[in-house]
Amino acid sequence: MTVTKGYAAQSKTSPVTPFEFERREPGTTDVQIEILFCGVCHSDLHQVRDEWGGSIYPMVPGHEIVGRVAAVGSGVTKFAVGDLAGVGCMVDSCRECESCGLGLEQYCDQNQIVFTYNSRFPDGTPSYGGYSKSIVVDEAFTLKISPKLDLAATAPLLCAGITTYSPMKHWNVQPGQKVGVIGLGGLGHMALKFAHAFGAHVTQFTTSPGKEDDARRLGADEVVLTRDPEALKALAGTFHFIIDTVSAPHDLNTYLNLLKRDGSMVLVGLPEDPAKVEAFPLAGKRRSLAGSNIGGIAETQEMLDFCAEHGIVSDIEMTPISQVNEAYERMLKNDVKYRFVIDMATL
Ligand code: NAP
Ligand code: ZN
Ligand code: ZN
């Protein structure tokens, strides 16, 4: 065991503060990564404050991890000491079920996903995330990171990136289709970049008038301020696909009405309270309402390679780790441009 420095929440009402804990020594197929940057996801905040229930404390959050390989087990083939490496939301799964076999580990049929933090390994030990100096992860759940991209701005691809890329692939977003993105935060701005890169005609829905110019710069063809119900009504029946990245409760029916016949709206935002869905907007035009959870390891690598090829990274604001609680407060005020990333040199 090696003692590692990090930051943890001790309860759902306490701030995230310095914390020391043990990491396992790298096993045969493990990679030990010196963490250089870690993104701050709204899921960190939901879980630190136990908004989804069942949180495990102390909790070291963080699942947008990039760094440099510091040691490898004797059986590791994909990585060498000194390589860049990334870790996203999962560090293990059953690896045997149908979903795992298809590279859909995030939907493991045995429910044996070990999430990067706020989760337990099969022996019962808790997993601790990326707000820390180092992490040990099986190479099967470790991603290759291209040196072509800015490293800090690459970190958010490990969650915000794959969570928005995966549904656009699954629902087959095509050039020329009308795509809507609801919410311009960490996930939303990545959704915007991917939809634009896939050649869609993209509309950004936002509650924040101050984000209009940024939305255009990030790839939106149109920006709609959602506080104006008339602006939304005018778009009824026009969208092929809408991705909803909103972290707080909001009305879904308004957006379902914007879909064309057979259009799909996919929820990736995970507010703690349930939404009320009306049958009429769905039945009236055979629309679908679905959800999507992060992405598998192979698809995460595909997304990282796509980003390296197309020069896509996140727009970030760097924060020292001592300011992470302030970053949470700003995230709650929708005041993030567009992802906080912790510089781990400050730990
Ligand atoms: P974020 O950076 O805080 O962005 C959320 C955005 O939602 C805000 O910037 C704001 O955009 C909009 N918003 C917030 N409150 C709103 C309200 N009351 N009504 C309407 N819009 C509102 O959060 P994030 O990190 O992108 O995460 C977004 C959600 O996705 C969270 O619930 C997170 O847990 C979830 N998530 C899910 C997955 C998955 O696999 N499904 C993965 C990662 C995260 P505007 O200012 O533009 O309105
Ligand atoms: Zn996340
Ligand atoms: Zn499985």
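**Figure 1. Contacts of Met168 within the largest nonpolar core of the predicted model**. In this predicted model, Met168 is in contact with Val173, Ala191, Phe194, Ala195, Phe198, Phe241 and Ile243, once its neighbours within four places in sequence are left aside. The largest nonpolar core has 96 residues, and the members that touch the most others are Tyr131, Met168, Phe194 and Tyr328. Because residues of this core come from both domain 1 (2-157 + 315-346) and domain 2 (161-291), the core lies between the two domains. Another core, of 14 residues, lies apart from it and includes Ile182, Val224, Ile242 and Leu259. In soluble globular proteins, nonpolar side chains tend to be buried together.

**Figure 2. The two domains and their contact**. The protein is divided into domain 1, made of residues 2-157 and 315-346, and domain 2, made of residues 161-291. A distance of 28 Å separates the C-alpha centres of the two domains. Eleven residues from domain 1 and 19 residues from domain 2 take part in the contact.

**Figure 3. Helix α4 and its surroundings**. Helix α4 spans residues 160-170, and nine of its eleven residues are buried, so the helix is largely enclosed by the rest of the structure. The buried residues are Ala160, Gly161, Ile162, Thr163, Thr164, Tyr165, Ser166, Pro167 and Met168. Their cover includes the helices α5 (186-197) and α10 (297-310), together with the strands β13 (239-244), β14 (259-267) and β17 (339-343). After α4 comes Asn172, which has a positive phi, near 60 degrees.

**Figure 4. The buried residue Glu64**. Glu64 is placed in the loop between α1 (42-48) and β4 (65-72). With a relative accessible area of 0%, Glu64 is buried. Residues up to four places away in sequence not being counted, Glu64 touches Phe37, Cys38, Gly39, Val40, Cys41, Val87, Ala155, Pro156, Leu158, Cys159, Ala160 and Arg339. Glu64 and Gly130 are 66 residues apart in sequence, while their C-alpha atoms are 7.1 Å apart in space.

**Figure 5. The largest cavity and Ile294**. Two cavities of 30 Å³ or more are found in a search of the whole structure. The largest has a volume of about 80 Å³, and its lining consists of Gly88, Cys89, Met90, Leu143, Leu158, Ile162, Ile294, Gly295, Ile297 and Thr300. Seven of these lining residues are nonpolar and three are polar, with no charged residues. Ile294, one of the lining residues, is found in the loop between β15 (288-291) and α10. Its phi is near 30 degrees, a positive value in a residue other than glycine. Ile294 is buried, with a relative accessible area of 9%.

**Figure 6. The second largest cavity and the cis peptide bond at Pro58**. The second largest cavity has a volume of about 40 Å³. Its lining is formed by Ile56, Pro58, Met59, Val60, Tyr117, Asn118, Ser119, Pro126, Ser127 and Tyr128. By class, this lining has seven nonpolar, three polar and no charged residues. Pro58 lies in the loop between α1 and β4, and a cis peptide bond with omega of about -5 degrees joins Tyr57 to Pro58.

**Figure 7. The second largest pocket**. This pocket has a volume of about 340 Å³. Its lining has 17 residues, of which Glu22, Arg24, Phe121, Thr125 and Pro126 are the closest to the centre of the pocket. The strands β2 (16-23) and β8 (134-138) each supply at least two lining residues, and the largest share, four residues, comes from β8. The lining divides into nine nonpolar, three polar and five charged residues.

**Figure 8. Loop residues Ser208, Tyr338 and Asn111**. Ser208 is located in the loop between β11 (201-206) and α6 (212-218). Ser208 is buried, with a relative accessible area of 14%, and it is in contact with Leu225 and Asn334 when its neighbours within four places in sequence are left aside. Tyr338 is found in the loop between α11 (324-332) and β17. A cis peptide bond joins Lys337 and Tyr338, with omega of about -20 degrees. Asn111 is found in the loop between α2 (98-101) and β7 (114-115). The phi of Asn111 is positive, near 50 degrees, and Asn111 is exposed, with a relative accessible area of 68%.

How values were computed: Residues are numbered from 1 along each chain as its sequence is written. Chains are lettered from A and ligands numbered from 1 in the order in which they are written. This is a predicted model: local features need pLDDT of at least 70, side-chain atom pairs count only at pLDDT 80 or more; totals for chains, interfaces and linings use all residues. Side-chain values use heavy atoms; hydrogens and water are left out. A nonpolar core is a set of buried Ala, Val, Leu, Ile, Met, Phe, Trp, Tyr and Cys residues joined through side-chain atoms within 4.5 Å. Buried means under 20% relative accessible area, exposed over 50%, partly exposed in between (1.4 Å probe, protein chains only). Domain bounds come from an automatic or database domain assignment. Contact means heavy atoms within 4.5 Å. On a 1 Å grid over the protein atoms alone, a cavity is a set of points where a 1.4 Å probe fits but cannot get out, and a pocket is an open set with protein on both sides within 12 Å along at least five of seven lines; lining residues have an atom within 4 Å of a point. Grid points are joined across faces, edges and corners, and a volume is the space filled by probe spheres set on the points. Ala, Val, Leu, Ile, Met, Phe, Trp, Tyr, Cys and Pro count as nonpolar, Asp, Glu, Lys and Arg as charged, and the others, Gly among them, as polar.
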